[in-house]
Amino acid sequence: MKSTPLSLIAGVVALAAVTGFAALTVPGDDGATEAKAAARLPVERSSLLCPAPSTSDLAETTYTSFTPAAKDGPKDGTAELKAAEALPADEDEPADGKTGGADDKADADDKKKTDADDKEKAADTKPVVSLKDLGKPVTAETSKSGAPALVGTATDRFAPGWTTQQTTTAAAGGARGLLGVSCTAPDTDFWFPGASTGASRQDYVHLTNPDDTAAVADIELYGAEGPLKSDVGEGITVPARSSVPLLISTLTGEAAENVTVHVTTRSGRVGAVVSAAEDEVGSDWLAASADPAGTQILPGIPADATSVRLVAFAPGEDDADVKVQLLGKNGTFSPAGNDTLHIKSQMTASVDLKNVTRGEPGSLRLTPTDGSRTPVVAALRVVRGTGAKQEVAFIPATGPVGERATVADNRAKGSVLSLTAPGKTAKVKVTASAGSEGGEAAVKTYTVKGGTTLEVTPEAPAGLKGGYALTVETESGGPVHAARTLTIPEGGIGMFTVQTLQDDGGTVEVPEAEQDLSVLDD
């Protein structure tokens with residue numbers, strides 16, 4: 001007789017809850033045991049990385065961290081974001097603590113400086129943001145020039161659905177604008193269509209390593225004619241628990257208006273996001289596109305967009321021909337003269353859709369025209385305003401909200417939620433959380449007609465004080481894609497930023513074994 005220890009079974013469940021994957025081979029069964037219908041369990045650990053916000057002395061950054069409320073689950077846990085820089089080990093003091101003669105004053109001065117440095121380092125080890133309760137966001141602010149990137153982990157009750165928004169307001173300067181980004185989970189592969197090495201752009205790719213060992217990354221650039229030559233994009237070392245910003249135009253000698261950036265890691269994992277600053281039209285973060293796929297959805301184009309540019313890339317060996325459609329307020333249609341787009345393999349394609357929404361909110365859908373389903377990645381560069389009052393933002397292709405998705409840092413005024421159902425009509429529940437400084441959560445249900453985009457102003461929490469989070473849950477019907485637009489007027493300019501909402505991965509499937517694992521025969 002053989003027995004499988006219960007600790008092994010528990011370990012498999014825990015592994016699945018942390019990583020989203022686990023496998024169990026029963027002794028003597030040669031891997032033949034099949035899984036029954038998988039159960040869904042909440043994840044027990046989540047990681048998030050926030051890039052360094054700004055080097056401007058005029059920038060003000062708000063971090064908003066949030067985990068949705070849950071009826072059941074563990075009672076313990078933490079969710080903290082800390083400065084990314086690794087700290088050196090403390091040096092030992094001399095055994096006797098004494099020195100002689102003229103060195104005493106110098107030693108005293110050195111000690112004061114060391115003590116000051118130690119206090120600063122100790123401050124860096126404290127959490128910048130730390131959650132205390134489920135269902136209630138926590139905020140932190142900084143106006144420090146050169147504020148560091150943040151790395152963070154949520155455990156147990158705070159892990160399922162943990163999200164953090166980083167929002168920076170830069171009122172003036174070359175990087176002026178409202179820069180918003182949902183802090184990202186570490187990964188090994190990222191696509192960024194919509195970047196640029198042109199003279200009017202200053203685009204940086206930020207690589208942040210959350211782990212205790214160095215990561216090694218490669219960066220490939222693709223323009224309209226194919227790969228851009230680069231001798232310095234390979235083997236980039238990102239030290240442990242640190243962040244490295246790289247000016248994209250320095251990675252190649254070729255200037256290209258529309259560039260696709262591909263970040264991969266040879267070892268380790270990183271968080272990756274692109275900051276884009278453009279002369280005369282402001283700046284914002286460009287988040288990674290959804291993984292390459294035959295169909296892509298880009299939700300949340302503002303109704304008053306004055307310029308919309310689609311940038312797409314086919315990473316495979318085959319060209320792609322896609323149908324371009326706008327999912328508008330009342331139905332689906334193709335932009336006049338731009339109903340299809342041919343994307344050559346390994347080349348970045350772009351098309352100026354101008355003011356495609358024509359006063360109504362919309363979302364873009366890309367689908368294959370020939371049935372080949374050649375995978376593509378895509379993003380939109382969106383401009384609002386005209387002349388000196390232009391402002392830019394980016395919308396990457398994104399997956400559906402799935403079971404649940406959340407975006408933090410919504411304000412009493414200026415938040416708009418865009419919901420699009422590219423297939424069947426769907427019903428979603430939208431929860432506005434309690435405010436960071438007070439207020440009660442509000443819940444409302446919306447029906448999104450198939451093939452349309454519904455733009456709503458969320459119902460703010462009663463008695464709202466501070467910011468709040470929006471959580472979208474699919475209740476019935478087809479898939480729903482969502483985006484939040486945050487607008488903050490500054491100096492007569494409607495600065496804005498758009499964040500897409502993706503399934504938060506708060507639960508994972510854990511297979512149930514068909515046979516009793518407690519006692520097994522030889």
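**Notebook: salt bridges, a small set of strands, two buried residues**

I began with Arg404 and Asp504, whose side chains meet in a salt bridge at 2.6 Å, N to O. The model is predicted. The pair links distant parts of the chain, 100 residues apart. I placed Arg404 in the loop between strand E27 (391–396) and strand E28 (405–410). Asp504 sits in the loop between strand E37 (493–501) and E38. I then looked up accessibility. Arg404 is buried, at 16% relative accessible area. Asp504 is partly exposed, at 24%. The cut-off for buried is under 20%, so Arg404 falls inside it and Asp504 does not.

**Shared partners**

I looked for salt bridges that share partners. Arg201, Asp203, Glu278 and Arg381 are joined this way into one network. I also took the total: the count comes to 13 salt bridges.

**Arg40 and Glu509**

Next I checked Arg40 and Glu509. Their side chains form a salt bridge, 3.4 Å from N to O. Arg40 lies in strand E1 (residues 39–42) and Glu509 in strand E38 (residues 507–510), so the pair ties together parts that are 469 residues apart in sequence. How accessible is Arg40? I noted a relative accessible area of 43%, which is partly exposed. Glu509 is also partly exposed, at 49%.

**Asp218 and Arg266**

I turned to a pair in two strands. Asp218 forms a salt bridge with Arg266, and the closest N and O atoms are 2.9 Å apart. Asp218 belongs to strand E12 (residues 215–223) and Arg266 to strand E16 (residues 259–267). They are 48 residues apart, and the pair links distant parts of the chain. Is Asp218 buried or exposed? Asp218 is buried, with 15% relative accessible area. Arg266 counts as exposed, at 54%. The limits are under 20% for buried and over 50% for exposed, so this salt bridge joins a buried residue to an exposed one.

**An open sheet**

I moved on to strand pairing. Four strands form an open sheet in the order E2-E7-E4-E5, with antiparallel pairing. Which strands are at the edges? They are strand E2 (45–50) and strand E5 (129–130), each pairing on one side only. I followed E5 to its partner. Strand E4 (residues 79–83) pairs with E5 in the antiparallel sense over two bridges. Glu80 stands opposite Ser130 in E5.

**Thr62**

I looked up Thr62 in strand E3 (residues 59–66). Thr62 counts as buried, at 14% relative accessibility. I set aside residues up to four places away in sequence and listed what Thr62 touches. The list has Thr139, Ala140, Glu141, Gln165, Gln166 and Thr167.

**Pro137**

My last entry is Pro137. Pro137 is in the loop between E5 and strand E6 (138–142). Its relative accessible area is 1%, so I entered Pro137 as buried. What does Pro137 contact beyond its neighbours within four places in sequence? I found Thr64, Ser65 and Phe66 among the contacts. Ser433, Ala434, Gly435 and Ser436 are also among them. Gly467, Tyr468 and Ala469 are included too. For Tyr468 I took the C-alpha distance to Pro137: 6.3 Å in space, with their positions 331 residues apart in sequence.

Key
Residues numbered from 1 in each chain as written. Predicted model: local features only at pLDDT ≥ 70, side-chain atom pairs only at ≥ 80, totals over all residues. Heavy atoms only, no water. Salt bridge = Lys/Arg side-chain N within 4 Å of Asp/Glu carboxyl O. Buried < 20%, exposed > 50% of the residue type's maximum accessible area, 1.4 Å probe, protein only. Pairing = 2+ DSSP bridges. Contact = heavy atoms within 4.5 Å.
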